[in-house]
Amino acid sequence: MRVNAQEDYRFDMGGGVGMTGYLGDANTANLWKNPGWDLEVLFRYIINPRWALKTNFYTGSLSGNSSQMTNVFPGEETFKFSTNFYELGEMAEFNFFNYGKGETYRKLKRISPYITAGIGVTAWSIDGKMGAALNIPLGAGVKYKLSERWNIGFEFLMKKTFTDKLDGEALRDPYGIKSSFMKNTDWYSTMSVTISYEFSKRCAVCNYKD
């Protein structure tokens, strides 16, 4: 006997737009002091209703101005920077609920919060000098299934870069502190609203023997 099954999909593709923030030597306290913009293209491999792997590409802007801080550099210099960045990353997502739309016995939810983490590479240019560094993104979001194949989402990520040059050479170790995991590294954030479309049916028809 052949019966129709819920049409799950293996892949999800879409894009998003949002706002960026920066924390580093030119802004040590307020993430949203000089907000920028970001655009995102995403591709997900849907493992199951709880887990997914996401490949994402971001481009956006970052800026900072040390004259807006209460901290004072040795010599009382002030610095500011502005740059566009490009980021490619791979992340794992864990949904708190079985995310999807279908039969009640599967306990699928049309909305689910999730947490995510991964690894990426960020590239940028300041004063004609190119730079690139690894980053570790950590964050959370929420997904809502508009229909069987369309999804909208909201995601916030903090990204630790393994560099102190994201804000320029002039702000590389201005206090003379030796680099460590937390010191002398720059952070930035992306906060995006996304829309995506699922495709490639996992199981269109199942065979069942009575």
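**Exercise 1. Find the residue in E11 that is the bridge partner of Met 158.**

Start at Met 158 and step across to E11: the partner there is Ser 189. Keep in mind that you're looking at a predicted model. Next, look at the two strands as a whole. E10 and E11 pair in the antiparallel sense, with 11 bridges between them. For your bearings, E11 covers residues 187–201.

**Exercise 2. Go to the other neighbour, E9: how many bridges join E9 to E10, and in which sense do they run?**

Begin with one pair: Asn 135 stands opposite Thr 161 in E10. Now count along the strands, and you get 11 bridges between E9 and E10, running antiparallel. Last, check the connection: E9 and E10 make a hairpin, with 4 residues between them.

**Exercise 3. Work out which strands pair with E3, and sort the residues of E3 by face.**

Take the pairings one by one. On E2 (residues 9–23), 10 bridges lead to E3, and the two run antiparallel. One of the pairs is easy to spot: Met 19 has Trp 37 of E3 as its bridge partner.

Then turn to E4 (residues 51–65), which is antiparallel to E3 and joined to it by 9 bridges. Here Leu 42 has Asn 56 in E4 as its partner. The link from E3 to E4 is a hairpin of 4 residues.

Now for the faces. The covered face of E3 holds Gly 36, Asp 38, Glu 40, Leu 42, Arg 44 and Ile 46. On the uncovered face sit Trp 37, Leu 39, Val 41, Phe 43 and Tyr 45. So both partners named above can be placed: Leu 42 belongs to the covered face and Trp 37 to the uncovered one.

**Exercise 4. Decide whether Asp 127 is buried or exposed, and describe its phi.**

First locate the residue: Asp 127 lies in the loop between strand E8 (111–126) and strand E9 (129–145). Its relative accessibility is 76%, and the cut-off for exposed is over 50%, so Asp 127 counts as exposed. As for the backbone, phi of Asp 127 is near 55°, a positive value. That's worth a second look, because most residues other than glycine have a negative phi. Ser 200 also has a positive phi, near 70°, but Ser 200 lies in strand E11.

**Exercise 5. Which residues form a nonpolar patch on the surface with Ile 195?**

Pick out Ile 111, Tyr 144, Leu 146, Trp 150 and Ile 152; together with Ile 195 they have about 510 Å² of accessible area. Ile 195 itself is found in strand E11. Its relative accessible area is 41%, so Ile 195 counts as partly exposed.

**Exercise 6. Step back: what elements does the protein have, and where is confidence lowest?**

Count the elements: there are 12 strands and 0 helices. Of the 210 residues, 39% count as buried. For contacts between residues at least 6 apart in sequence, 67% join residues at least 24 apart.

Finish with confidence. The average pLDDT is 85, and 78% of the residues score at least 70. The lowest mean, 43, belongs to strand E1 (residues 2–4), and the highest, 98, to strand E3 (residues 36–46). Over residues 1–5 pLDDT stays under 50. Where pLDDT is low, the predicted coordinates shouldn't be read in detail.

Notes
Residues are numbered from 1 along each chain as its sequence is written. This is a predicted model: local features need pLDDT of at least 70, side-chain atom pairs count only at pLDDT 80 or more; totals for chains, interfaces and linings use all residues. Side-chain values use heavy atoms; hydrogens and water are left out. pLDDT is the predictor's confidence in each residue, from 0 to 100. Contact means heavy atoms within 4.5 Å. Buried means under 20% relative accessible area, exposed over 50%, partly exposed in between (1.4 Å probe, protein chains only). Two strands pair if DSSP finds at least two bridges between them. Patches are made of residues with over 30% relative accessible area and no salt bridge: like charges are joined within 9 Å, nonpolar side chains (Val, Leu, Ile, Met, Phe, Trp, Tyr) within 5 Å. Accessible areas come from the Shrake-Rupley method with a 1.4 Å probe; for residues, only the protein chains shown count as cover. A salt bridge is a side-chain nitrogen of Lys or Arg within 4 Å of a carboxyl oxygen of Asp or Glu.
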